[in-house]
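Good morning, colleagues. Please turn to the structure on the screen, and I shall take you through its sheet and then through a single loop residue.

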Amino acid sequence: ENLSNQIAAGEVIERPASVVKELVENAIDAGADRIRVDFTDAGLRQIVVQDNGSGIARDEIDLAFTRHATSKIQTERDLFNVGTLGFRGEALASIAAVARVEILTAVKGQVGVVADFSGGVKKRQEDAAAKEGTQITVSDLFYNTPARLKYLKSPRTETMRIVDIINRIALGHAEISFILANNGKVLLHTPGNGKLKQTVANIYGRKLAEGMLEFAASDPDFAISGLTTKPEVTRSSRNFISLLLNGRYIRNNQLNNAIMDAYGAKLAAKHYPVTILKIETDPLLVDVNVHPTKQEVRLSKEKELSRLITSTLGACLLKASQ
Ligand code: ADP
Ligand code: MG
């Protein structure tokens, strides 16, 4: 049971950044509008995520840490109709299987609770004073699965992955204030006032943000909006293109290409724009269940969406050049 837990955990929790992603998505699902992430030693020694969301009731702690028990999927149809970021009920169980986890949480009007897990087993649970919300501390990640550690890149690279994932989530949620701190040093602090440009300024710098072009359009299936740079302002990596589908950060090469197509020959080889593209659509058109980390999604009308993206950004760039 423990071994199968650890194997399943490996699918969801590949590296410290996976822990950060899952915990932050849970905080968002819990309705938090302030989320703070602290980490030390590239997330291997400790990751702490604090939120002011709904909290977990005392008698639901065990359920929250049991694989699939909390899965929001009741029927096959639900697979496609996912309104929350989490839905597999795997993250907390997976993290607790490969690390030491402490949770301090309280729901409104109730006594809080503190509980410890390690190696997938609950070691302690007690009432505790806590304000509404949740604080999860993950220590000694992969302490019991040393083979995992060998697959990790350098501390610098793992740190960059944590920063990258928080940047992208923050770009998708300008209405949430995020703080990210490494060894106590604040790397990112977004205002959470709903203004995308200000969030972009915090992440990529004010100068870049101010020069970005705004776009928005819709067809019967999709509404798209966002910010993109002029053709002369580029980066040498596709990493500066952020796709957010119904608030979820996704990867999709066809949509990346649709953005690039709008620039056409205006982009030099190996140059990429900085683009934040938000896509809203009926969850029925999305299959988020392609990969356990849920970053790869399949869309029923990808061609139509690509066309909408290319034409909207194309018109936006044309207007800016006139
Ligand atoms: P999933 O998000 O797929 O449901 P998780 O393992 O990530 O599965 O979380 C299990 C459950 O624990 C969630 O469904 C939620 O009810 C609860 N939970 C986890 N994190 C939080 C949080 N930060 N605030 C409130 N509830 C939480
Ligand atoms: Mg989750």
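Which residue in β6 is the bridge partner of L104? In β6, that partner is Q135. Please bear in mind throughout that this is a predicted model.

Let us place that pair in its strands. Strand β3 covers residues 100-106 and strand β6 covers residues 133-139. The two pair in the antiparallel sense, and 7 bridges join them. As a general reminder, strands of a sheet pair through backbone hydrogen bonds, in either a parallel or an antiparallel arrangement.

Now to the sheet as a whole. It is an open sheet of 8 strands, and the order reads β5-β4-β3-β6-β2-β1-β7-β8. The pairing is mixed. At the edges stand β5, residues 121-128, and β8, residues 185-189, each of which pairs on one side only. From one strand to the next, the twist averages 10°.

Turning to the helix on this sheet, α2 comprises residues 16-29 and lies across β1 (34-40), β2 (46-51) and β6. Relative to β2, helix α2 runs at about 10°.

Finally, I come to the loop between β6 and α5 (146-150), where N144 is found. Is N144 buried, exposed or partly exposed? N144 counts as partly exposed because it has 16 C-beta neighbours inside 10 Å, whereas a buried residue would need 20 or more and an exposed one 12 or fewer. Setting aside neighbours within four places in sequence, N144 is in contact with V98 and G119. As for A17, it is 127 residues from N144 along the chain, and the C-alpha atoms of the two are separated by 18 Å.

How values were computed
Residues numbered from 1 in each chain as written. Chains lettered and ligands numbered in written order. Predicted model: local features only at pLDDT ≥ 70, side-chain atom pairs only at ≥ 80, totals over all residues. Pairing = 2+ DSSP bridges. Helix = DSSP H or I, 4+ residues; strand = E, 2+ residues; numbered from the N terminus. Axes fitted to C-alpha atoms, helices over the stretch in contact; angles between N-to-C directions. Contact = placed C-beta atoms within 7 Å.
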